[in-house]
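Morning, everyone. Please put the structure up on the screen, and I'll walk you through it.

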Amino acid sequence: MLVDAFQRRITYLRLSVTDRCDLRCTYCMPEAMTFLPRREVLTLEELHRLSLAFIARGVTKLRITGGEPLVRRDVIDLVRALGREIGTGLDELTLTTNGTQLAQHADALTAAGVRRINVSLDTIDRDRFRALTGRDRLPQVLEGIAAAREAGLAVKLNVVALKDVNAAEIPDLIAWAHGHDHDVTLIEVMPLGEIAEDRSDQFLSLAKVRADLDKRWTLVPSAHRTGGPARYLDIAETGGRLGLITPLTGNFCDGCNRIRVTTTGQLYPCLGGGEMVDLRAALRSGDPDRALSGAMDRAMAIKPHRHGFAIERGAAPAQPRHMSVTGG
Ligand code: SAM
Ligand code: SF4
């Protein structure tokens with residue numbers, strides 16, 4: 001089993017299959033983002049092998065992410081291969097996507113054994129979407145969400161709360177999502193990687209959002225958990241569930257069960273830390289299974305107790321790595 005120095009059991013792997021993306025969300029990456037050279041990226045076979053090694057060490061939940069996972073060619077082959085592990089060690093295989101290519105892949109995801117996905121959608125206003133992501137793709141995303149539901153996938157929407165951008169729209173977005181039977185989780189923006197703007201102009205505390213929502217709706221704290229960092233509220237009037245992920249205003253590191261692997265095989269035991277173990281070298285060694293297992297043990301020894309995120313005007317990001325590199 002994977003247990004870190006603070007006796008936290010690690011059961012949840014977020015695997016980045018690409019750092020590339022077809023959108024440019026302003027809080028995530030700059031328009032002129034530099035991507036990794038393709039030769040450095042692990043093959044799908046290597047990502048598969050690596051995932052099996054984690055499952056053998058007690059990982060029960062695996063999320064495929066990126067970058068935008070659905071822009072990686074043949075990624076569905078990996079999803080299919082990992083889907084075969086569900087029920088024999090793996091409890092859940094899931095995916096986080098921006099939804100632009102979801103319509104083409106929804107049926108294949110269901111057939112592979114995926115049951116729930118997260119779709120990131122920060123606005124349902126077409127002009128705002130174009131301004132926020134740099135691309136006019138809201139219609140494709142909405143089509144993708146509809147296709148996912150049609151294919152039998154439960155869809156949870158991830159919404160990054162952004163001052164002056166979507167703050168005023170958040171209640172309408174929640175009402176829309178709950179009206180379509182999608183759960184929603186709000187996320188505070190995190191200081192990861194350089195972007196064109198200052199994140200202090202974007203940051204919106206979820207304590208403030210919650211106080212505003214409280215004036216409109218009856219919010220009932222819920223005991224619901226999905227194995228991630230979100231804490232949940234039920235909204236009596238919409239009949240839906242609202243998750244809150246508060247890396248800045250409500251640290252949740254004590255209960256952390258997660259690790260992340262980048263598309264080049266770097267294992268980051270903490271999203272907000274620089275600690276890293278190189279799995280690519282282990283994978284390409286003479287005895288990969290043994291080397292991978294040893295690398296995982298090293299990662300457990302160096303997993304920090306908590307991140308130290310802070311957002312201050314003019315300050316450098318907590319980590320130079322963008323979330324799209326580490327895997328969201
Ligand atoms: N491209 C996919 C997507 O957008 O769903 C998957 C990768 S994306 C990095 C995963 C999640 O991270 C998304 O919900 C996105 O909104 C969020 N994200 C990206 N950069 C972030 C940041 N600096 N702070 C908080 N959330 C961020
Ligand atoms: Fe791409 Fe996701 Fe980052 Fe947006 S949040 S730029 S969709 S990786």
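Is Gly 134 buried, partly exposed or exposed? Gly 134 counts as partly exposed, because its relative accessibility is 39%. Buried would need a value under 20%, and exposed a value over 50%. One caution before I go on: this is a predicted model.

Let's stay with Gly 134. Look in the loop between helix H4, residues 126-133, and helix H5, residues 138-150. Leaving out residues up to four places away in sequence, Gly 134 touches Arg 24 and Phe 129. Now find Pro 30. Along the sequence, Gly 134 and Pro 30 are 104 residues apart. In space, their C-alpha atoms are 9.8 Å apart.

Now step back to the whole protein. How many helices and strands does the protein have? The count is 10 helices and 12 strands. The radius of gyration is 19 Å, and the globule rule gives 20 Å for 328 residues. Those two values are close, so the protein is as compact as a globular protein of that length. Along the principal axes, the C-alpha atoms fill a box of roughly 60 × 45 × 40 Å.

What about the inside and the outside? Buried residues account for 56% of the 328. The accessible surface comes to about 13700 Å². Carbon and sulfur atoms own 49% of that surface. And the contacts? Take those between residues at least 6 apart in sequence: 72% of them join residues at least 24 apart.

On to ligand 1. Which residues come nearest to ligand 1? There are 18 residues around it, and the nearest are Tyr 27, Gly 67, Thr 96, Ser 120 and Met 190. Three of those five give us distances to look at. In the side chain of Tyr 27, an N or O atom is 2.9 Å from an oxygen atom of ligand 1. Ser 120 brings a polar side-chain atom to 2.5 Å from an oxygen atom of the ligand. Met 190 uses its backbone: a polar atom there is 2.8 Å from a nitrogen atom of ligand 1. How much of ligand 1 does the protein bury? Taken alone, the ligand exposes 540 Å², and the protein buries 96% of that.

Who supplies this shell? Strand S3, residues 92-97, gives at least two residues, and so does strand S5, residues 154-161. By class, the shell holds 6 nonpolar, 9 polar and 3 charged residues.

Next, ligand 2. Around this one sit Cys 21, Leu 23, Arg 24, Cys 25, Cys 28, Met 29, Gly 67, Asn 98 and Ser 324. That shell has 5 nonpolar, 3 polar and 1 charged residues. You have met Arg 24 already: it touches Gly 134. Gly 67 should ring a bell too, as one of the residues that come nearest to ligand 1.

Back to strand S5. Asn 158 lies in it. Why does Asn 158 count as buried? Because its relative accessibility is 11%, and the cut-off for buried is under 20%. Beyond its neighbours within four places in sequence, Asn 158 has contacts that include Thr 96, Ser 120 and Ile 187. Thr 96 and Ser 120 were both on the list of residues nearest to ligand 1.

Now a helix. Helix H2 runs over residues 75-83 and is mostly covered. Of its 9 residues, 7 are buried. Among them are Val 75, Ile 76, Leu 78, Val 79 and Leu 82. What covers them? The cover includes helix H1 (44-56), strand S2 (61-65), S3 and helix H3 (102-111).

Between S3 and H3 there is a loop, and Gln 101 is found there. Its relative accessible area is 22%, so Gln 101 is partly exposed. Leaving aside residues up to four places away, it touches Asp 22, Leu 70 and Val 71. Val 141 is 40 residues from Gln 101 along the chain, yet their C-alpha atoms are separated by 7.5 Å.

Last stop: two aspartates. Asp 164 sits in the loop between S5 and helix H6 (170-179). Its phi is near 65°, a positive value in a residue other than glycine. Asp 181 is in the loop between H6 and strand S6 (183-188). There phi is about 70°, again positive, and again not a glycine. Are these two buried or exposed? Asp 164 is exposed, with a relative accessible area of 72%. Asp 181 also counts as exposed, at 59%.

Technical notes:
Residues numbered from 1 in each chain as written. Chains lettered and ligands numbered in written order. Predicted model: local features only at pLDDT ≥ 70, side-chain atom pairs only at ≥ 80, totals over all residues. Heavy atoms only, no water. Near = heavy atom within 4 Å. Polar contact = N/O pair within 3.5 Å; in protein donor to acceptor, adjacent residues only side chain to side chain. Areas by Shrake-Rupley, 256 points an atom, 1.4 Å probe, with all protein chains shown as cover. Helix = DSSP H or I, 4+ residues; strand = E, 2+ residues; numbered from the N terminus. Nonpolar A, V, L, I, M, F, W, Y, C, P; charged D, E, K, R; others polar. Rg over C-alpha atoms; globule rule 2.2 N^0.38 Å. Buried < 20%, exposed > 50% of the residue type's maximum accessible area, 1.4 Å probe, protein only. Contact = heavy atoms within 4.5 Å.
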